[in-house]
Amino acid sequence: MQPEHIRASDADRDKVAERLREALAEGRLTPVEHEERLDTLYKAKTMGELAPIVSDLPAAGHSPFPTAVDGAHAADGMEILGQEARDLAGQSKGSENMVAVFGGCERKGRWLVEPRTNVSVLCGGVDLDLREAVLSRREVTIQVAVILGGVDITVPHGVRVINNTSGILGGTELHGTDQVTDPNAPVIRLTGTCMLGGVSVKAKKPRKSKKQK
């Protein structure tokens, strides 16, 4: 089932309603627009129907631009991106699938992290380096399904990582990310299951350019 077809819960509607109230207070919505969107909100049945209600609103208190996750800006919250990164973020398709079966998969350098990234590993490995990546949203989700393999994720300092994975003779380890308490920090949310395998997340400084070496 695609995420947009999942039935919305009361908690999901409450989150959208809270964002609408904040947008009204910020002057992004008029009282009439606020009432119209609330009416649409409480008629919505799926997550796909909820999304358009706030699709033109940035997260509360945040810049409307996507986040560039790099060591120079992550600790300070959101970087106002250049045209190149905005163009990259504009190519978002909503989700991406990465598969490593008896092999490997790697993403590094300047790349777009979709709102949802699905990583499937069977007797293989995946290496994701987010230090120069562009997040399509301030909070993105990486869902893993790891069997007899591993996923290595590198993030810059200042990025908050939330681990919601479950392990069966395996698990997820976070290194250097548990000290991030800034509520405005970019968020990487990990979900999924590790069986006889694991996920390792490490916070590292940005890679040095050739000129710096």
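Trainee: Why does Arg-21 count as partly exposed?

Mentor: In this predicted model, Arg-21 has a relative accessibility of 43%. Buried would need a value under 20% and exposed a value over 50%, so a residue in between is called partly exposed. Arg-21 therefore falls in the middle class.

Trainee: What makes the contact of Glu-18 with Arg-21 a salt bridge?

Mentor: The closest N and O atoms of Glu-18 and Arg-21 are 2.7 Å apart. The cut-off for a side-chain nitrogen of Lys or Arg and a carboxyl oxygen of Asp or Glu is 4 Å, so this pair qualifies. In general, side chains of opposite charge can pair when their charged atoms come close.

Trainee: Where do the two partners lie?

Mentor: Glu-18 and Arg-21 are both in helix H1 (residues 10–26), three residues apart, which is about one turn of the helix. Glu-18 is partly exposed too, because its relative accessibility is 35%.

Trainee: How do you know that Glu-22 and Arg-19 meet in a salt bridge?

Mentor: By the N to O distance again: it is 3.4 Å for Glu-22 and Arg-19, and the limit is 4 Å, so the pair counts. These two residues also lie in helix H1, three residues apart.

Trainee: Is Arg-19 buried or exposed, and what puts Arg-19 in that class?

Mentor: Arg-19 has a relative accessible area of 9%. Because buried means under 20%, Arg-19 is buried. Its partner Glu-22 reaches 26%, so Glu-22 is partly exposed.

Trainee: How many salt bridges does a search of the whole structure find?

Mentor: The search finds eight. One of them joins Asp-129 to Arg-131, with the closest N and O atoms 2.7 Å apart. Asp-129 and Arg-131 are both buried.

Trainee: What about cysteines? How many disulfides does the structure hold?

Mentor: Zero. A disulfide calls for two cysteine sulfur atoms within 2.5 Å, so no pair of cysteines meets that limit. As for cover, Cys-105 has a relative accessible area of 23%, so Cys-105 is partly exposed. At 29%, Cys-123 is also partly exposed.

Trainee: Let's turn to the strands. Why do S6 and S9 count as a pair?

Mentor: Two strands pair if there are at least two bridges between them, and S6 and S9 have five, so they pass. Their pairing is parallel, and Leu-128 stands opposite Ile-153 in S9. Strand S6 (residues 125–129) is also joined to strand S3 (residues 104–107) by four bridges, with the strands running parallel. There, the bridge partner of Gly-104 is Gly-125.

Trainee: Which strands pair with S13?

Mentor: Strand S9 (residues 150–156) pairs with S13 in the parallel sense over seven bridges, and Val-155 has Ala-203 as its bridge partner. Strand S11 (residues 171–175) pairs with S13 over five bridges, again parallel. In that pairing, Leu-174 is matched with Val-201.

Trainee: What is the order of the strands in the open sheet of five?

Mentor: The order is S2-S5-S8-S12-S10, with parallel pairing. Strand S2 (95–101) and strand S10 (160–168) are the edge strands, as each pairs on one side only. Neighbouring strands of this sheet are turned by 10 degrees against each other on average, direction ignored. Nine bridges join S10 to S12, and among the facing residues, Ser-166 stands opposite Thr-193.

Trainee: What makes the phi of Leu-148 worth a note?

Mentor: Leu-148 has a positive phi of about 55 degrees although it is not a glycine. Leu-148 is in the loop between strand S8 (139–147) and S9. Leu-169 also has a positive phi of about 55 degrees without being a glycine, and its place is in the loop between S10 and S11.

Trainee: Why is Leu-169 called exposed and Leu-148 partly exposed?

Mentor: Leu-169 has 72% relative accessibility, and exposed means over 50%, so Leu-169 is exposed. Leu-148 has 45%, which lies between 20% and 50%, so Leu-148 is partly exposed.

Trainee: What kind of patch do these leucines help to form?

Mentor: A nonpolar patch on the surface, with about 960 Å² of accessible area together. Its members include Leu-148, Leu-169 and Leu-196. Patch residues need over 30% relative accessible area, and Leu-196 has 43%, so Leu-196 passes that cut-off. Leu-196 sits in the loop between strand S12 (187–195) and strand S13 (198–204).

Key. Residues numbered from 1 in each chain as written. Predicted model: local features only at pLDDT ≥ 70, side-chain atom pairs only at ≥ 80, totals over all residues. Heavy atoms only, no water. Patch = residues over 30% accessible without salt bridge, like charges linked within 9 Å, V, L, I, M, F, W, Y side chains within 5 Å. Areas by Shrake-Rupley, 256 points an atom, 1.4 Å probe, with all protein chains shown as cover. Buried < 20%, exposed > 50% of the residue type's maximum accessible area, 1.4 Å probe, protein only. Axes fitted to C-alpha atoms, helices over the stretch in contact; angles between N-to-C directions.
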